[in-house]
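The following exercises concern a single protein chain. Each task is followed by a solution that proceeds step by step.

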Amino acid sequence: MIIYTRRNPIVILRLLLTDFLCLLTSFIFHPKPIKRFNKILIANPSHLGDLVISSFLVDILKSNYPKLEIDFLCGSWGKDLLGANQNISNIFVIDLQNYP
């Protein structure tokens with residue numbers, strides 16, 4: 001149970017009512033389970049540092065989902081860096097001219 005630190009009783013009542021309605025709707029409308037996915041595209045056309053950090057994501061995803069096919073979208077400057085990673089299935093190149 002959440003304990004509210006507000007002193008205004010109307011605010012506390014509104015917050016409690018909101019909590020109750022959220023809890024009620026979570027019981028009524030169950031979220032549908034996510035289907036297993038087998039392909040993923042990681043898009044990172046902007047900066048080299050972001051590309052290096054997101055390349056570690058590929059290894060983590062592949063270790064958790066061995067059958068996952070991982071594709072990467074990057075600038076032409078990052079193709080050689082990602083080409084050494086054996087966990088990437090395809091590398092798509094896009095060069096954005098006016099991208100900050």
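**Exercise 1: Contacts of one leucine**

Determine which residues are in contact with Leu 68, leaving aside its neighbours within four places in sequence.

Solution. Once those neighbours are set aside, the contacts of Leu 68 are Phe 37, Asn 38, Lys 39, Ile 40, Leu 61 and Lys 62. The model is predicted, and confidence therefore has to be considered next.

**Exercise 2: Confidence**

State the mean pLDDT of the chain, and identify the elements with the lowest and the highest mean pLDDT.

Solution. The chain has a mean pLDDT of 79, and 84% of its residues reach 70 or more. Among the elements, the lowest mean pLDDT (79) belongs to helix 1, residues 9-28. Strand 3 has the highest, at 91.

**Exercise 3: The two sides of helix 2**

Compare the span of helix 2 with the expected value, and establish where its buried residues lie around the axis.

Solution. Step 1: helix 2 comprises residues 48-64, 17 residues in all. From its first C-alpha to its last it reaches 25 Å, close to the 24 Å expected at 1.5 Å a residue.

Step 2: the buried residues of helix 2 are Leu 51, Ser 54, Ser 55, Val 58 and Leu 61. Because they cover an arc of only 120° around the axis, they lie on the same side of helix 2.

Step 3: Ile 53, Phe 56, Ser 63 and Asn 64 are exposed on the other side.

Step 4: the packing partners of the buried residues are strand 1 (39-44), strand 2 (69-74), helix 3 (79-83) and strand 3 (88-93).

**Exercise 4: Val 58 and the core**

Decide whether Val 58 is buried or exposed, and list the members of the largest nonpolar core.

Solution. Step 1: Val 58 lies in helix 2. Its relative accessible area is 0%, so Val 58 is buried.

Step 2: leaving aside neighbours within four places in sequence, Val 58 is in contact with Ile 42, Ile 70, Phe 72, Asn 85, Asn 87 and Ile 88.

Step 3: the largest nonpolar core has ten residues: Ile 42, Leu 51, Val 58, Leu 61, Leu 68, Ile 70, Phe 72, Cys 74, Leu 82 and Ile 88. At least two residues of this core come from helix 2, and at least two from strand 2.

**Exercise 5: Cysteines**

Find how many disulfides there are, and classify Cys 22 and Cys 74 by accessibility.

Solution. With a cut-off of 2.5 Å between cysteine sulfur atoms, the count of disulfides is zero. Cys 22 is partly exposed because its relative accessibility is 49%. Cys 74, at 0% relative accessibility, counts as buried.

Technical notes
Residues numbered from 1 in each chain as written. Predicted model: local features only at pLDDT ≥ 70, side-chain atom pairs only at ≥ 80, totals over all residues. Heavy atoms only, no water. Helix = DSSP H or I, 4+ residues; strand = E, 2+ residues; numbered from the N terminus. Expected span 1.5 Å × (residues − 1). Buried < 20%, exposed > 50% of the residue type's maximum accessible area, 1.4 Å probe, protein only. Arc of directions from axis to C-beta. Contact = heavy atoms within 4.5 Å. Core = buried A, V, L, I, M, F, W, Y, C linked by side-chain atoms within 4.5 Å. pLDDT = per-residue confidence, 0-100.
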